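Subject: Structure handover

Hi there,

Here is the structure I promised to pass on. Please have it open while you read; my notes follow below.

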2 protein chains.
Amino acid sequence: MDELAVAGHRVTLIDVANRAGVSPATVSRVLNNNYPVAASTRERVVEAVQHFDYVLNVHAGALVHARSGILGIVVADVSDPFFSEIVRGAQDVAEAAGHLTMICSSGADPRQELAYLTLLRNHRADAVLLVGAGSEQPELQAALARQADGIARQGSRLVLVGRPAPVGTDAASVVELDNHRSGALIGEHLAGLGHRRIRYLAGPTGTTTTSARLAGFLEGARAGGVLRSGVEVVHGPQNRDTGRRLVRRALEDGAVFSAVAASNDLMAIGALVALREAGLRVPDDVSVVGIDDVPVAADVTPGLSTVHLPLSELGAAAAELALTAASALVQPALPAYLVIRESTARPPAA
Amino acid sequence: MDELAVAGHRVTLIDVANRAGVSPATVSRVLNNNYPVAASTRERVVEAVQHFDYVLNVHAGALVHARSGILGIVVADVSDPFFSEIVRGAQDVAEAAGHLTMICSSGADPRQELAYLTLLRNHRADAVLLVGAGSEQPELQAALARQADGIARQGSRLVLVGRPAPVGTDAASVVELDNHRSGALIGEHLAGLGHRRIRYLAGPTGTTTTSARLAGFLEGARAGGVLRSGVEVVHGPQNRDTGRRLVRRALEDGAVFSAVAASNDLMAIGALVALREAGLRVPDDVSVVGIDDVPVAADVTPGLSTVHLPLSELGAAAAELALTAASALVQPALPAYLVIRESTARPPAA
DNA sequence: CTGTTAGCGCCTTCAA
DNA sequence: TTGAAGGCGCTAACAG
């Protein structure tokens, strides 16, 4: 018995080769199917492979090829539908290209984000997607630019998804998301309905997405006749509980507003909850609008008016770019458009 | 100039060692911080590392240690909140343990699932989590058992999350999810309210979760006085659109029922939509209940009555088990309990 | 505290 | 069509 597969011994290519009575090179050729091998030889090899239930060791191969078959994805939070939709789109493409995805959740912390980029570099990811809002702080931008260069030097590729390229490098590709226009769309929408006092629920300060959406909103609102003094901007993490808390507090403080514009759908849903808890009707008493059009937006009651963003397509486009593009590119934003459901209406007659 | 970092040349430990004027071993010790190194030496090494922006190659290390620092996770769909909550819990633990997660979406296809297990074996994942319903087909169960043995033979560990261990192996750990009881809870709840004609929206046939939840439901309902003939069971993929379609069709067919019991929340939400579209009120005309208590369940209107399952805790427990347990274990289910919101009530007086 | 020496498991010329 | 040999980049003894 040539039972090399006994407990303790790790079976390698050599074990398989010995059992099949061929050289390791031949086994490699059969397994990678990249070189002619006589049918009878191949058969013996296959038998031996099955006998040992042998699977190749990617690490050994990666050392030789300097390719790992890994697509790295860095998001703030996998369980946030904004990100999970993007991830889904990216994974479909990655899978089709024979890549496995390594997903990292940074908790929207830029330092954590940088740490994950290094980890992904350690793993020699063939490409890395960095998804969502980025910090506007110059040092952090510079650090990111450095990582981009490092990734490029490794022969790998960085793609920024929904955030602008950091200054100081041309090594990163970008797949844009039209945050400014999204903000403008909801600003115009509310202004057009006649709202003049609006509560804007912004994301964390100092991030690219927060700034772009807010700037767009203010422009859109002003174009529609809303005074700057008619917009009250409050900041916080872009989740449901924050949306709820910010609106509840506004209500407690006796703030007056006929509409809540949230910088994303989760905050808008939180706003819906807070308003309901306060006994206010949407949209009769207060209108609510979000951005993203995550799947739930259609299922809450009243259905949430929002801006549709092509999330899974965005992820797919990014993965495509990451895995195939020859050099750094900027892919313009796919179209964003307003989806009017039941949460917005004219303000109540004062 | 010792510019070894010129385009083309991949910088390695050796380059760093040369620049710092030390041996490769010393650089390794500094980088891994696992051995005493003189402060002055360390300083020179650090300088050289920064100079080259050098990052270790995990693959080389993995070859030596036979450890990769990877936790593999196989789910049906990352963008389904049931899975993404579990993933989040698992990731938190994995990160704390210094592991990166490799996430694979099988689309609920058992063959795809097996293929991913092999891929994860290729990558020498330190542990693998297989999450959610499994096939009941004997061949597939056997194939899974074989993979479990293979994984164990590699010195790695397989943890089944929310599905029973396949027969024919003792190499897999299990973190249970009380699917049977969850079904029973909603069965008893609807029966207790007085419902006698119920539409049960089951998952795909031939999967462990579908069977367990359905069996539990039938038992719970019967215990509460519902005749077997009072329950109509229909099957389909467990997503929102299927829930909507199944209920819409039932309505079109003139089926009579005062309650819809869905085998998960997404289907229940689909049911809510279909009922609303048909002009029926929930819970006045029809009650709706789900299972899982995904975050959205609280945000739809009316709030969805459901069974709370500790999803992120489940993921965390699984990762814990995967990364630390000495041998295969079975961890009993964390408690599941009914959450009564606004979607269930007594049936309308006939 | 630091250097030397073997590999880890596989792929890829180069010869035969 | 197959085998032999060197090396991918790093770490872990073992000396010194």
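Let me begin at DNA strand D. Helix H2 (24-32) and helix H4 (58-65) of chain A, along with helix H2 (24-32) and H4 of chain B, each give at least two residues to the surface near that strand. Helices here are DSSP runs (H or I, at least four residues) and strands likewise (E, at least two), numbered from the N terminus. "Near" means that a residue's C-beta atom, placed from the backbone, lies within 6 Å of the molecule or strand.

Before going further: this is a predicted model, in which local features need pLDDT of at least 70 and side-chain atom pairs count only at pLDDT 80 or more, while totals for chains, interfaces and linings use all residues. Residues are numbered from 1 along each chain as its sequence is written, and chains are lettered from A and ligands numbered from 1 in the order in which they are written.

Back to the DNA. Of the 25 residues around DNA strand D, Thr41(A), Thr12(B), Leu13(B), Ser28(B) and Ala60(B) come nearest. For DNA strand C there are 27 residues around it, with Ser28(A), Ala60(A), Pro36(B), Ala38(B) and Thr41(B) coming nearest. H2 and H4 of chain A and H2 and H4 of chain B each supply at least two residues of the surface near DNA strand C as well.

Next, the two protein chains. Their contact (C-beta atoms, placed from the backbone, within 7 Å) takes 40 residues from chain B and 40 residues from chain A. Strand S2 (residues 100-105) of chain A pairs with S2(B) in the antiparallel sense over 3 bridges; strands count as paired if DSSP finds at least two bridges between them. Within this pairing, Ile103(A) has Thr101(B) as its bridge partner.

How are the copies related? A turn of 180° and a shift of 0.1 Å along the axis lay chain B on chain A with an RMSD of 0.2 Å, superposed by least squares on the C-alpha atoms of residues with pLDDT of at least 70 in both. This is the relation of a two-fold axis. The same surface serves both copies, as 100% of the contact residues of chain B recur in chain A.

Finally, chain B holds an open sheet of 4 strands in the order S7-S6-S8-S9, with parallel pairing. Strand S7 (231-235) and strand S9 (287-289) of chain B are at the edges with a single partner strand each, so one side of each has no neighbour in the sheet.

Best wishes

Methods. Two residues are in contact if their C-beta atoms, placed from the backbone, lie within 7 Å.
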